[in-house]
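This report addresses helix packing, salt bridges and selected local features of one protein chain. The sequence and the three-dimensional structure are shown first.

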Amino acid sequence: MAATAARRNNPTAQLTPARKPVAPPEAANDSRIAAERDADEQLVARAQDGDVAAFELLVRKYQQKAIQLVSRLVGEADAPDVAQEAFIKAYRALPGFRGQSAFYTWLYRIAINSAKNHLVSRARRPAGQDIDIVEAELYGHTGQLSDLDTPESVLLAQEIKDKVSLVIGRLPPDLRQAIVLRELDGLSYEEISEVMRCPIGTVRSRIFRARESIDAVVQPLLDA
């Protein structure tokens with residue numbers, strides 16, 4: 001009765017909508033990834049039925065990511081050709097794709113293998129790495145370079161980039177691939193495991209060892 005009387009005395013109380021629960025960022029991100037994977041599966045199914053336009057949509061969606069990925073291994077000049085070769089291989093192998101992994105992890109695996117074959121055929125070492133892939137994650141854990149624009153900090157940042165570039169270029173291929181897939185493409189450990197065809201524990205170990213090598217160079221510069 002008291003509640004009814006209160007609502008009569010305050011009509012706006014009846015109009016106040018109930019607050020909807022807000023999904024945590026992780027759930028929203030998982031939903032987005034699931035939606036993208038569903039969209040890819042539909043395009044793959046159409047392409048497997050002979051719809052060339054559907055595969056062209058997949059190429060447009062992942063072309064730049066594939067080029068960025070292989071450029072860390074073969075250099076920017078050769079990256080477009082290697083990425084194109086990877087898409088050609090993916091198209092030819094598409095009838096055998098069963099969706100046991102996400103399309104993009106399957107595609108990245110083909111791209112990495114194409115880059116490896118390219119390096120072997122040319123008998124040369126991988127090119128230097130673009131340090132933009134480590135700026136957020138590998139610098140961010142220190143918090144010491146954020147929001148600094150003094151000449152000294154600019155010089156320090158450039159020195160760190162040069163040093164990190166050298167370290168990444170000297171990492172063993174497996175460590176370099178793992179850190180690039182994690183920091184550049186933002187793949188999860190599970191997805192990297194699928195791409196590199198190794199256990200998740202091995203992925204974590206490789207990324208940890210790569211970060212240790214980078215930290216060994218970065219930390220003394222920050223402490224100086």
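## Salt bridges

The structure holds 5 salt bridges, a salt bridge being a side-chain nitrogen of Lys or Arg within 4 Å of a carboxyl oxygen of Asp or Glu. The model is predicted, so that local features need pLDDT of at least 70 and side-chain atom pairs count only at pLDDT 80 or more, whereas totals for chains, interfaces and linings use all residues. Residues are numbered from 1 along each chain as its sequence is written, and side-chain values use heavy atoms, with hydrogens and water left out.

Three of these pairs, among them one that joins two helices, are listed below with the separation of their N and O atoms.

| Salt bridge | N to O distance |
|---|---|
| Arg37 and Glu41 | 3.8 Å |
| Asp40 and Lys61 | 2.9 Å |
| Asp51 and Arg46 | 3.1 Å |

Helices (H or I, at least four residues) are DSSP runs, numbered from the N terminus. Arg37 and Glu41 both belong to helix α2 (residues 25-48), where a spacing of 4 residues places them about one turn of the helix apart. For solvent exposure, buried denotes under 20% relative accessible area, exposed over 50%, and partly exposed the range in between, with a 1.4 Å probe and protein chains only. Arg37 counts as partly exposed because its relative accessibility is 30%. Glu41, at 42% relative accessibility, is likewise partly exposed.

The side chains of Asp40 and Lys61 also meet in a salt bridge. This pair links distant parts of the chain, with Asp40 in helix α2 and Lys61 in helix α3, 21 residues apart. Is Asp40 buried or exposed? Asp40 counts as buried, since its relative accessibility is 2%. Its partner Lys61 has 33% relative accessibility and therefore counts as partly exposed.

In the pair formed by Asp51 and Arg46, Asp51 is partly exposed at 26% relative accessibility. Arg46 is partly exposed as well, at 39%.

## Packing of α3 against α4

Helix α3 (residues 52-74) and helix α4 (residues 79-93) have axes that come within 8 Å and cross at roughly 135 degrees. That angle makes α3 oblique to α4. Axes here are lines fitted to C-alpha atoms, for helices over the stretch in contact, and angles run from 0 to 180 degrees between N-to-C directions. Angles under 35 degrees count as roughly parallel, over 145 as roughly antiparallel, 65 to 115 as roughly perpendicular, and the rest as oblique.

The crossing of α3 past α4 is right-handed; a crossing has this hand if the near helix is turned clockwise from the far one by less than a right angle, and is left-handed if anticlockwise. On the α3 side, the residues that meet α4 include Val52, Phe55, Leu58, Tyr62 and Ile67. On the α4 side, the partners include Pro80, Val82, Phe87 and Tyr91. Contact means heavy atoms within 4.5 Å. The residues of the contact of α3 with α4 divide into 16 nonpolar, 2 polar and no charged. In this classification Ala, Val, Leu, Ile, Met, Phe, Trp, Tyr, Cys and Pro are nonpolar, Asp, Glu, Lys and Arg are charged, and the others, Gly among them, are polar.

## Packing of α3 against α8

The axes of α3 and helix α8 (residues 173-183) come within 11 Å and cross at roughly 150 degrees. The two helices are therefore roughly antiparallel to each other, and their crossing is right-handed. Leu69, Arg72 and Leu73 in α3 meet Arg176, Gln177, Val180 and Leu181 in α8. By class, this contact has 4 nonpolar, 1 polar and 2 charged residues.

How many of the 11 residues of α8 are buried? The count is 8, so α8 is largely enclosed by the rest of the structure. Among the buried residues are Leu175, Arg176, Ile179 and Glu183.

## Local features

Arg197 lies in the loop between α9 (189-196) and α10 (200-223). Its phi is near 55 degrees, a positive value in a residue other than glycine. At 66% relative accessibility, Arg197 counts as exposed.

Ile168 is placed in helix α7 (residues 151-170), and counts as buried at 0% relative accessibility. The C-alpha atoms of Ile168 and Ala210 are separated by 7.8 Å, although the two residues are 42 residues apart along the chain.
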